[in-house]
Amino acid sequence: MKVTPVSEKVEDWRAITPETLLVPVEHIRKTFDEGVWKCSHVTQQLCYADLHPDERQVDLGAYSAAFVTYRVIIGPQAARQFDNHHRIGTPAAIFYAYLEAFSSGLDSNILGSFDDLLQIGVAHSARLRMRPVEWAKTHLSILINDNKHMVTLWIKSVCDRQDYSRPLSTDQETDDFIHWRYWRAPKLVLMQPSGSIPFNASAAWDREDDGTTEKWLEGLSGRFIQFLGFHLERVAGNAYVELAKTGSPPGDDDRPFQLMAIEEARKSVAEDERPHPKVGAVVVKDGKLLSKAHRGENPKSHAEYVALDQKLADELAAGATVYTTLEPCTTREHPKIPCAQRIVDRKVARVVIGMLDPNPDILGRGVQLLNDAGIETQLFPRDLTAQVEEINREWIRVQKEKQTRSKNK
């Protein structure tokens with residue numbers, strides 16, 4: 001496989017796309033850019049708050065909730081690395097923890113966009129001048145490089161708020177303000193673990209000069225983009241291997257079972273007149289369907305309980321994957337066992353979740369319990385999550401109202 005460094009930028013993505021494919025590729029481009037913005041915005045807001053604990057902050061509730069989902073997306077290993085660095089507690093370590101989390105979010109964004117592009121490339125391979133994998137990789141290289149400025153802006157924004165009261169008298173001053181050229185880097189960004197200089201608390205917020213700031217920004221943003229390029233190379237390499245083995249692009253083995261769980265969720269039966277979530281669960285092992293169930297299939301029973309304990313009471317569920325449309329619960333009235341704990345007890349290896357539970361008493365706790373037990377967790381793809389949220393729109397509305405009432409007390 002020929003390796004094309006991500007730094008070798010093609011000037012115009014249209015130059016490598018036949019006119020008939022411009023519309024779907026433009027859609028992927030917009031989705032990718034939106035994903036970059038979301039990863040940047042969530043991590044930037046929380047990093048700024050942690051670096052400036054004494055400053056009056058905007059309400060971070062929405063960002064904290066979003067970060068729960070974000071941790072699931074980047075995976076348990078990246079989430080643990082974030083916790084390890086954030087736990088150190090120095091400004092340099094906090095900065096580095098969120099910067100790495102930002103990068104991990106973009107890795108996930110790259111993977112999803114690459115898969116979409118590859119499917120398009122394979123379907124229209126006769127119209128392309130290059131192999132589908134190379135075509136998809138080249139597009140992603142362009143998109144990654146086009147977002148390099150977002151890395152520089154992220155670094156500036158987690159350290160400082162821009163001064164909007166600054167007078168602007170000339171076009172040059174306006175241009176300098178837009179690009180924040182007067183910004184100077186604090187020394188903390190050069191200190192360990194984000195840099196090579198030993199951490200010094202007394203000098204952490206001392207500012208570097210213009211030349212050092214520019215050199216450091218260019219170096220760090222360049223390395224950031226380079227590592228994304230390395231990730232893209234690995235993704236493309238894996239795709240080449242799968243194509244060589246099967247003659248077709250790597251398929252989504254999860255999707256049929258995710259759709260099956262959604263269909264189960266539509267059958268849910270509420271135990272009373274109050275709004276309840278519609279939940280479907282599917283248990284799969286070695287590619288074989290073991291069971292499927294929905295909430296209320298047996299009176300007042302959660303879907304995971306029916307699928308695991310009622311339908312698989314005598315079968316080995318260890319090593320299986322559970323597809324559930326809602327984050328497994330962590331609280332039940334005694335003597336009932338919460339679904340997350342039930343999954344742990346049955347030694348399930350992996351849980352794929354349609355949406356996190358909007359109930360603030362559960363939100364994120366189910367995923368955390370599973371991760372702490374060494375169980376891999378993933379989310380449904382965006383389009384299927386949207387279906388789950390649609391069939392649970394009333395439940396989501398009730399939980400949002402519950403959160404609002406709690407905040408107003």
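Let's start out on the surface, with aspartate 286: at 77% relative accessible area, this residue is exposed. Aspartate 286 sits in the loop between β1 and β2, and its phi is near 55°, a positive value for something that isn't a glycine. Lysine 347 tells a similar story in the loop between α11 and β4 (350-353). Its phi is positive too, about 60°, and again it is not a glycine; at 57% relative accessibility, lysine 347 counts as exposed. As background, most residues other than glycine have a negative phi, and most peptide bonds are trans. That second habit has its exception here as well: the peptide bond joining glutamine 192 and proline 193 is cis, with omega about 10°. Proline 193 belongs to the loop between α7 (171-178) and α8.

Before going further in, a word on trust. This is a predicted model, with an average pLDDT of 87 over the chain and 94% of the residues scoring at least 70. The weak spot to flag is residues 1-9, where pLDDT stays under 50. The model does give that stretch 21 contacts beyond four places in sequence, but where pLDDT is low, the predicted coordinates should not be read in detail.

Now for the empty space. Two cavities of 30 Å³ or more turn up. The largest holds about 60 Å³, and α1 (22-51), α4 (91-123), α6 (148-159) and α8 (210-246) each supply at least two of its lining residues. Among the residues around it are Phe32, Phe102, Ile144, Met150 and Phe224, along with Asn147. The lining of this largest cavity splits into 11 nonpolar residues, one polar and no charged.

The second largest cavity has about 50 Å³ of space. Its walls are Trp13, Val25, Ile28, Arg29, Leu117, His139 and Leu143. Two or more of these residues come from each of α1 and α5 (132-146), with α1 giving the largest share, three residues. By class, the lining of the second largest cavity has five nonpolar, one polar and one charged.

Pockets are another matter. The second largest pocket encloses about 800 Å³ and is lined by 28 residues. If you want to find its centre, look for Glu271, His276, Arg295, His302 and Arg332, which lie nearest to it. Helix α14 (residues 393-408) contributes the most to this lining, with four residues. Sorted by class, the lining of the second largest pocket has 13 charged, 10 nonpolar and five polar residues.

Helix α10 (residues 303-310) is worth a look for what it hides. Its buried residues are Ala303, Glu304, Val306, Ala307 and Leu308. The cover over them includes β1 (280-285), β2 (288-294), β3 (321-324) and α11 (339-345).

Finally, what about the cysteines: how many disulfides are there? The count is zero. Cysteine 47 is in none, and the nearest cysteine sulfur, that of cysteine 159, is 7.2 Å away. Cysteine 47 is buried, at 0% relative accessibility. Why is there no bond between cysteine 329 and cysteine 339? Their sulfurs are 3.7 Å apart, which is too far for a bond, given that a disulfide needs the two sulfur atoms within 2.5 Å. Cysteine 339 holds the closest cysteine sulfur to that of cysteine 329, and cysteine 329 itself is buried, with a relative accessible area of 7%.

Notes:
Residues numbered from 1 in each chain as written. Predicted model: local features only at pLDDT ≥ 70, side-chain atom pairs only at ≥ 80, totals over all residues. Heavy atoms only, no water. 1 Å grid on protein atoms, 1.4 Å probe; cavity = no way out; pocket = protein on both sides within 12 Å on 5 of 7 lines; lining within 4 Å. Points joined across faces, edges and corners; volume = space filled by probe spheres on them. Nonpolar A, V, L, I, M, F, W, Y, C, P; charged D, E, K, R; others polar. Buried < 20%, exposed > 50% of the residue type's maximum accessible area, 1.4 Å probe, protein only. Contact = heavy atoms within 4.5 Å. pLDDT = per-residue confidence, 0-100.
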